[in-house]
Structure formats: structure tokens, C-alpha cells
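Please work through the exercises that follow with the sequence and the model open side by side. Each task is followed by a solution in steps.

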Amino acid sequence: NDKYTAEQHRPQFHFSPPQMWMNDPNGMVYYAGEYHLFYQHYPDSTIWGPMHWGHAVSKDMVHWQNLPIALYPDSLGYIFSGSAVVDENNTAGFQKGNEKTLVAIFTHHNPKTQKQVQSLAYSNDKGRTWTKYANNPVLPNPGISDFRDPKVSWYAPEKKWVMTLAVKDRVHFYGSPDLKKWQLLSEFGKGNVGAHGGVWECPDLFPLTVNGQQKWVLFVSINPGGPNGGSATQYFIGDWNGKEFKNSNPPQTTLWVDQGSDNYAGVTWSNIPASDGRRLFMGWMSNWFYANQVPTQNWRSATTVARELTLQNTPAGIRLASTPVKELQQLWQETKTIKAQEISSTLDLSKEYNLTSPLIELNLNFDVAKSSELLLTFSNTKGEYVNIGYSVPAKQLFIDRTHAGKTNFEPRFAKKHVAPLILQNGKLNLHLFLDVASVEVFANNGQLVMTDIFFPNEDFTQVKVSTKGAAQLLESQAYPLKSIWKEA
Ligand code: FRU
């Protein structure tokens with residue numbers, strides 16, 4: 001644990017692999033009181049290579065226990081992204097004894113032919129050991145080069161499994177009674193619906209209720225073609241009849257789960273009990289533009305914090321909102337109330353409120369109706385800083401990491417990222433998490449999210465707010481956070 005507090009840029013309350021390469025979260029499933037997290041992993045290098053499924057479990061999505069690698073490459077190829085389900089009714093017939101079977105549905109990628117097929121593995125011991133199905137693959141390749149990332153869920157009205165699969169820049173839906181025989185149901189993505197700047201990957205389909213009505217949300221990661229360059233996750237809102245997804249918005253509507261540059265390939269947890277009822281999400285906190293180059297030593301990358309997804313009514317229509325899960329409140333070391341006040345030029349939060357931790361959650365509420373720009377600046381003694389800001393005339397939220405430390409490892413890294421955000425009566429809420437090498441900003445109750453990573457040469461321990469034109473700081477809180485490594 002001392003190792004993880006000593007390593008430069010190591011996240012202190014996000015999941016990161018103990019060592020070597022990580023990309024997408026995989027097989028996220030809740031079973032027997034544990035949140036499972038598998039992940040794309042190459043145990044021999046900090047650079048992407050032959051993919052395995054790394055594994056960790058958690059009781060709260062905050063503190064993680066690392067487990068041995070779950071799936072190794074085999075004669076069918078590398079183990080690419082996929083999902084896991086609890087086979088409650090033993091539809092696949094893998095169950096032995098009373099323990100329900102966990103079934104992983106993943107892509108086998110043949111490195112020689114570059115062809116991809118879908119396969120199964122199962123566990124009868126709460127995910128501790130895995131057996132590959134003897135008759136893999138269960139879904140052969142129909143002659144298409146990009147054919148991957150199965151996300152499977154149980155569709156109760158028809159007592160069948162539904163798989164969403166990324167196929168070039170389309171989603172294919174398949175159905176199965178037993179996870180072994182799959183039948184194509186429909187295709188989504190024709191006619192220029194949504195963004196097509198790159199290949200579609202890691203889809204997910206799930207219901208959410210809004211206005212007492214059930215809508216279906218389809219997530220599709222896209223790389224490149226994200227709103228701020230490179231990798232990002234778009235979503236569609238519509239209806240699902242067990243066979244086809246019907247988009248409720250005009251085809252040119254492009255919606256994003258997160259408009260920062262570092263939230264990719266995220267999907268939601270399977271099998272969350274109805275008594276909980278939340279739709280829970282985690283993404284990979286990096287971007288293929290520079291994931292292999294980021295300046296960390298012993299490991300590469302981390303996941304986002306776990307987030308709860310909901311649908312909300314907005315002036316533009318029904319939209320997704322993401323908020324940090326309440327379990328993160330365990331990290332609060334103390335609660336500091338920041339008093340309401342006018343900020344005419346600068347408020348030094350570090351000095352006024354003795355905030356000196358590079359691990360911090362802030363929930364700041366502003367009225368910026370009379371100001372033109374508001375900046376929240378995290379900085380260190382080396383003159384490095386990251387700015388999180390709102391431009392009133394441009395109606396944009398932004399994160400600028402141009403001066404945030406090490407940036408020259410890849411030319412597309414040093415950027416200011418912007419996203420549209422329309423305020424009601426000048427009210428701006430910034431709920432954010434700073435963790436050594438990342439910031440996740442949930443603006444206006446999670447209506448807009450921006451996640452960015454950065455690599456300062458010394459931790460950011462100073463924070464101030466500055467404005468052009470007076471802004472009102474309304475009721476606000478600051479929470480210095482604990483490190484999960486020091487606690488463990
Ligand atoms: C997304 C992705 C997936 C693929 C995996 C390979 O980041 O490209 O489409 O399954 O990573 O590691």
C-alpha cells in the first residue's frame with residue numbers, strides 16, 4: 001500500500017491495475033454482495049498487447065480487492081471486451097450445485113486473421129475460477145472485420161438473452177434462449193444516425209424510467225470521433241420491443257455520456273438487485289489518442305468513479321444525467337461549509353478554508369448571471385495548473401489542461417476541452433472530484449459531465465476561484481478525501 005501512495009500519478013481513490021496495462025472495464029456484474037470488475041489487461045507490459053481479463057471485486061465500488069487474472073488468451077485468440085451475467089435459471093446448463101453460475105460473454109480476437117468471434121466462459125465459485133466453454137465460439141464471424149464487445153442482458157418479457165454487439169459503425173442485436181445459440185434480431189445505425197467519426201465499440205442497452213414511462217438507452221463508444229477528439233461514448237434514447245431499437249430523437253441528434261476526453265468504453269453493471277434499482281456505470285479514464293503514451297511508470301490508466309445514470313427532463317428533451325454514487329461519501333475526511341459570498345475577482349479556497357489536499361470533492365454553486373467567465377484553478381508550486389471554467393457568452397463549460405504538467409508525450413494531449421452548457425437564471429453547479437491525475441466534473445446535477453486526466457510534476461494542492469465580473473458563490477461544500485490505499 002505504501003507503494004501505491006508513493007508512485008507518482010497513482011490515483012488514490014479510483015481503481016487502477018496493480019501493475020501493467022489496462023483498458024476497458026469488462027464483465028461488470030453484481031453477485032453475492034460483490035461488484036465484479038474485469039478489465040482489458042496485458043500483464044507483461046504497460047503497452048497494449050495480447051489481452052487478458054484482469055479481475056477485482058468490491059463491496060462498495062470504492063475499495064477494491066485484486067484477484068488473479070480471470071481469462072488468458074488461448075488458441076482462439078486474445079480475450080477482448082465483453083460482459084458477464086448471472087444465469088439465474090441455468091439456461092446454459094453450466095450450473096453445478098447450488099451456486100448460480102456467472103457466465104462471461106466475450107470477444108475472441110484472432111491476431112493472425114484479425115477476425116473476431118464471440119465466446120463463453122463460466123464460473124461456479126463466485127467468479128474465483130473460470131472455465132472456457134468447450135464449443136467456443138458461440139457466435140462465429142460472418143465475414144466482417146470489426147465484430148466485437150458483446151453486452152448481454154436478460155429480457156424477461158420474452159424470457160431470452162439479448163446481446164448488443166458492435167459491428168463496424170453499427171450495433172447488431174442478437175437473441176438467445178441459452179447463451180449458446182444466437183439469432184440476429186436487427187441492426188441499428190444506418191442512415192447517419194448519431195456520430196460516425198470512427199468505429200463503434202462497447203455498446204450497452206438498458207431501460208430507465210422517466211415521467212413514469214420506460215425508455216431504453218443505447219450506449220455506443222466511438223473511436224475516434226469524440227466531441228473533444230479521439231475516444232468518447234455516445235448514447236441514444238428510444239424504445240425497445242425485444243427485437244428492434246427505435247430512436248426517439250431526430251437522427252442527427254448526437255448525445256454524449258461525458259464530454260471530457262477521458263471516459264471511454266464504459267458500460268453498466270448487470271444484475272443490480274431490484275431493491276437497489278440503480279443503473280450503475282464505470283468507464284475507462286483514458287483515450288486511444290494517447291493511452292499508450294501517458295507518463296506513468298508501473299501501470300497504465302484507471303477507471304472513472306462509479307456513477308449512477310438517470311434520465312431527466314430538460315428544455316432540449318429527455319437527456320441522460322450522471323452523478324457520482326453515494327458510496328463515495330465514505331471517502332469524506334471532513335465537511336467544510338464554504339460561506340455564501342460575492343467573488344469580485346479571486347477567492348483563494350486553499351487559504352480561506354485550509355484546503356491543501358490533492359484529493360478533494362467540491363460541490364460549488366454559483367450565480368454567474370453578472371459575470372462573463374468563472375475559473376476554478378487547481379495548481380502546484382511549480383506554476384502548473386488545470387483550469388475548469390465556464391464562459392458565460394459562449395455558454396460553454398471547459399477544462400484546460402494545457403499547463404497541467406507533462407503534456408509533450410503526445411501532441412494531441414495538451415488541449416482545452418469545451419462542451420455546451422445552458423444555464424437557467426445564471427445558476428451553475430460544479431460538483432467535482434480531483435484525484436492526483438484526474439478531474440471529473442458533474443455540472444448542473446450531472447446534466448453535463450467532463451472527465452479529464454493530467455500529469456502534474458507535483459500534486460495540485462492549491463485551489464482558487466476567479467471571475468471576470470462579480471459572481472455569487474452560493475451554498476457550497478468542500479470534502480478533503482481519504483486515499484483508499486492508506487485506509488486498506
Ligand atoms: C475498446 C476496444 C474494444 C476491444 C478492446 C481491445 O477500447 O478497442 O473494442 O474489445 O478495446 O482491447
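**Exercise 1. The ligand and its polar partners**

Task: In this predicted model, determine how far a polar side-chain atom of Gln 40 lies from an oxygen atom of the ligand, and then examine the residues that surround the ligand.

Solution.
- Step 1. The distance from a polar side-chain atom of Gln 40 to a ligand oxygen atom is 2.7 Å.
- Step 2. Trp 48 also places a polar side-chain atom 3.0 Å from an oxygen atom of the ligand, and for Glu 201 the corresponding distance is 2.8 Å.
- Step 3. The ligand taken alone exposes 320 Å², of which the protein buries 95%.
- Step 4. Gln 40, Trp 48 and Glu 201 belong to the set of residues around the ligand, which also includes Asn 23, Asp 24, Phe 80, Ser 81, Arg 148 and Asp 149.
- Step 5. By class, the shell consists of five nonpolar, three polar and four charged residues.
- Step 6. At least two shell residues come from each of strand 1 (20-31), strand 5 (78-87) and strand 9 (147-155).

**Exercise 2. Two residues, two degrees of exposure**

Task: Classify Met 20 and His 41 as buried, partly exposed or exposed, using the limits of under 20% for buried and over 50% for exposed.

Solution.
- Step 1. Met 20 is a residue of strand 1. Its relative accessibility is 24%, so Met 20 counts as partly exposed.
- Step 2. Met 20 has a partner distant in sequence: Trp 299 is 279 residues away along the chain, yet the two C-alpha atoms are 4.1 Å apart.
- Step 3. His 41 belongs to strand 2 (residues 34-42). Because its relative accessible area is 5%, His 41 is buried.
- Step 4. A polar atom of the His 41 side chain lies 2.7 Å from the backbone oxygen of Trp 21.

**Exercise 3. Strand 32 and its neighbours**

Task: Establish which strands pair with strand 32 and whether its two faces are covered or open.

Solution.
- Step 1. Strand 32 spans residues 438-443, and six of its six residues are buried.
- Step 2. In a regular strand, side chains alternate between the two faces of the sheet, so the faces can be examined separately.
- Step 3. One side of strand 32 carries Ser 438, Glu 440 and Phe 442, and the other carries Val 439, Val 441 and Ala 443; both faces are covered.
- Step 4. Strand 31 (residues 427-435) pairs with strand 32 in the antiparallel sense through five bridges. Across this pairing, Leu 434 stands opposite Val 439.
- Step 5. The hairpin of strand 31 and strand 32 has two residues between the strands, and Val 436 adopts a positive phi near 60° there.
- Step 6. Strand 33 (residues 448-453) runs antiparallel to strand 32 and is joined to it by six bridges. Here Phe 442 stands opposite Val 449.
- Step 7. Four residues separate the strands in the hairpin of strand 32 and strand 33, where Asn 444 has a positive phi near 45°.

**Exercise 4. The protein as a whole**

Task: Decide why the protein can be called as compact as a globular protein of its length.

Solution.
- Step 1. The secondary structure comprises three helices and 35 strands.
- Step 2. The radius of gyration is 22 Å, close to the 23 Å that the globule rule gives for 488 residues; the protein is therefore as compact as a globular protein of that length.
- Step 3. Along the principal axes, the C-alpha atoms fill a box of roughly 70 × 50 × 45 Å.
- Step 4. Of the 488 residues, 61% count as buried.

How values were computed
Residues numbered from 1 in each chain as written. Predicted model: local features only at pLDDT ≥ 70, side-chain atom pairs only at ≥ 80, totals over all residues. Heavy atoms only, no water. Buried < 20%, exposed > 50% of the residue type's maximum accessible area, 1.4 Å probe, protein only. Pairing = 2+ DSSP bridges. Near = heavy atom within 4 Å. Polar contact = N/O pair within 3.5 Å; in protein donor to acceptor, adjacent residues only side chain to side chain. Areas by Shrake-Rupley, 256 points an atom, 1.4 Å probe, with all protein chains shown as cover. Nonpolar A, V, L, I, M, F, W, Y, C, P; charged D, E, K, R; others polar. Rg over C-alpha atoms; globule rule 2.2 N^0.38 Å.
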